[in-house]
Amino acid sequence: MSPQPAVSPQPTDRTPRVVLGVSGGIAAYKAVEVCRRLVDSGCHVAPVLTEGALRFVGAPTFSALASEPAHTSLFDDASPIPHTRLGQEADVVVVAPATARVLADYASGRSGDLLTATLLATRAPVVVAPAMHTEMWEQPAVQENLATLSARGVVIVPPEEGRLAGGDVGAGRLAAPETIAAAVLGVLADGPSRGRDLDGLKVLVTAGGTRERIDAVRVISNRSSGKQGYALAAEAAARGARVTLVTTVERPVPPGVAEVVRVESAAEMEAAVVPRAPGQDVIVMAAAVADFRPVEPSERKIKKDGGPPAISLEPTHDFLVDLGRAKPAGQVLVGFAAETDDVLANARRKLVAKQLDLIVANDVGAPGAGFEHDTNRVVLVFANRVDHDVPLSDKRTVARAVLDAVVDLRKGAAPTAPDLTDGTSQGDPIQ
Ligand code: CTP
């Protein structure tokens with residue numbers, strides 16, 4: 001006997017409807033957890049499994065956990081045209097894992113099965129979470145399909161680096177179920193997509209923590225993972241910007257990013273950013289740039305026999321100050337303030353000192369926020385507008401909020417009126 005669908009409220013006007021597409025990859029088992037998380041978050045989840053997915057996971061598992069039985073075929077469903085019902089009723093369609101085949105079919109408009117037909121039959125926002133072996137992920141054909149989908153407004157939840165099927169290690173592992181679920185919930189909370197509201201703009205984003213050499217093998221660095229910077233680059237590219245990403249970390253390059261400049265130290269980052277700055281419409285300094293570096297890094301490895309070395313440090317140059325001073329008219333300059341104490345006061349001080357238009361105040365001591373996490377909680381602090389609180393969300397949603405603010409600043413939008421009911425937090429510490 002096949003299990004009955006889990007009891008969940010019948011969809012009402014307020015129950016968001018999610019089509020969860022599962023395609024044929026080893027990571028299909030993780031989609032079970034995505035399904036459970038979305039149901040637990042109050043969504044009505046309709047699973048659609050491809051033939052390939054059914055080789056890895058069973059439809060009864062999804063039927064038991066989702067809000068309606070799993071759909072597996074264009075022809076064996078109770079409804080004669082399941083793809084149009086599923087597509088029309090969906091508030092969001094998410095495909096996790098998305099195989100190279102499904103991405104290619106969707107990008108080229110081919111509907112060979114129920115999942116691809118549903119993707120073509122929906123006007124709802126679509127989220128795809130690709131997963132595949134590193135060689136496949138890095139194929140220009142796959143990357144071009146993703147760039148096409150991203151340019152059309154599809155939200156891409158990029159794969160992570162890690163252990164893959166067969167014991168290989170590399171980029172291509174499906175993002176964590178909580179990251180995928182958070183992206184779906186972010187899209188639902190967010191309403192319709194922003195479209196290409198950064199079309200034609202040049203956006204430079206820095207990401208990661210700089211590394212300052214002590215000797216041939218050792219560095220001074222910080223815990224920045226670059227995830228927030230990459231999410232900003234991905235979101236800006238999806239919205240049509242020509243994105244330059246200056247990064248210290250090796251992560252899969254988000255689809256549509258035009259230029260990637262790899263750097264290590266604060267000085268290298270400065271050398272990459274400063275000459276490019278005058279031509280940019282928007283600069284987002286999400287990188288955690290070292291404030292100090294060893295005065296005389298050793299060319300050779302320092303041996304431990306001589307005891308702990310005395311390392312003299314000197315300040316690095318704060319080139320965001322230079323960017324603020326030399327800012328061309330119309331450019332929007334955004335900084336980040338990673339803080340643990342007096343978060344908003346420190347952020348505001350840096351906003352003024354560095355002549356920024358916006359600073360993203362990031363309490364890196366708060367649960368689920370800051371370095372290494374997939375989620376973040378920030379306050380957007382402006383020169384001439386009321387602060388805007390972005391509650392704990394996945395980093396892509398935070399990126400969307402930052403770029404929404406950039407778009408508003410470019411329009412010269414009037415300062416928003418304080419809304420005392422929504423936790424607007426001028427002067428309050430981030431909880
Ligand atoms: N920044 C920079 N160059 C530096 C240091 C910081 O461009 N040498 C930029 C960062 O990328 C960030 C902003 O300045 O966008 C704030 O960085 P942060 O380290 O928070 O502030 P600092 O001014 O270095 O102050 P403190 O370390 O005392 O908090």
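Helices here are DSSP runs of H or I with at least four residues, strands are E runs of at least two, and both are numbered from the N terminus. With that in hand, here's a look at some backbone oddities and one helix in this predicted model.

Let's begin with the unusual torsions. Most residues other than glycine have a negative phi, and most peptide bonds are trans. D342 goes the other way, with a positive phi near 45°. You'll find D342 in the loop between β16 (332-339) and α13 (343-353). Past that helix, Q355 has a positive phi too, near 55°, and sits in the loop between α13 and β17 (358-363).

How exposed is D342? Its relative accessibility is 60%, so D342 counts as exposed, the cut-off being over 50%. Q355, at 43%, falls in the partly exposed class.

| Residue | Phi | Loop |
|---|---|---|
| D342 | near 45° | between β16 and α13 |
| Q355 | near 55° | between α13 and β17 |

The peptide bonds have an exception as well: the one from A96 to P97 is cis, with omega near -5°. P97 belongs to strand β3.

That strand, spanning 92-98, is also among the elements covering the buried residues of helix α5. Which residues of α5 are buried? In this helix, residues 100-108, they are A100, V102, L103, D105, Y106 and A107. Their cover also includes α6 (114-120), β4 (126-130), α7 (134-137) and α8 (140-151). Right after α5 comes G109, a glycine with a positive phi near 75°.

Key
Residues numbered from 1 in each chain as written. Predicted model: local features only at pLDDT ≥ 70, side-chain atom pairs only at ≥ 80, totals over all residues. Heavy atoms only, no water. Buried < 20%, exposed > 50% of the residue type's maximum accessible area, 1.4 Å probe, protein only. Contact = heavy atoms within 4.5 Å.
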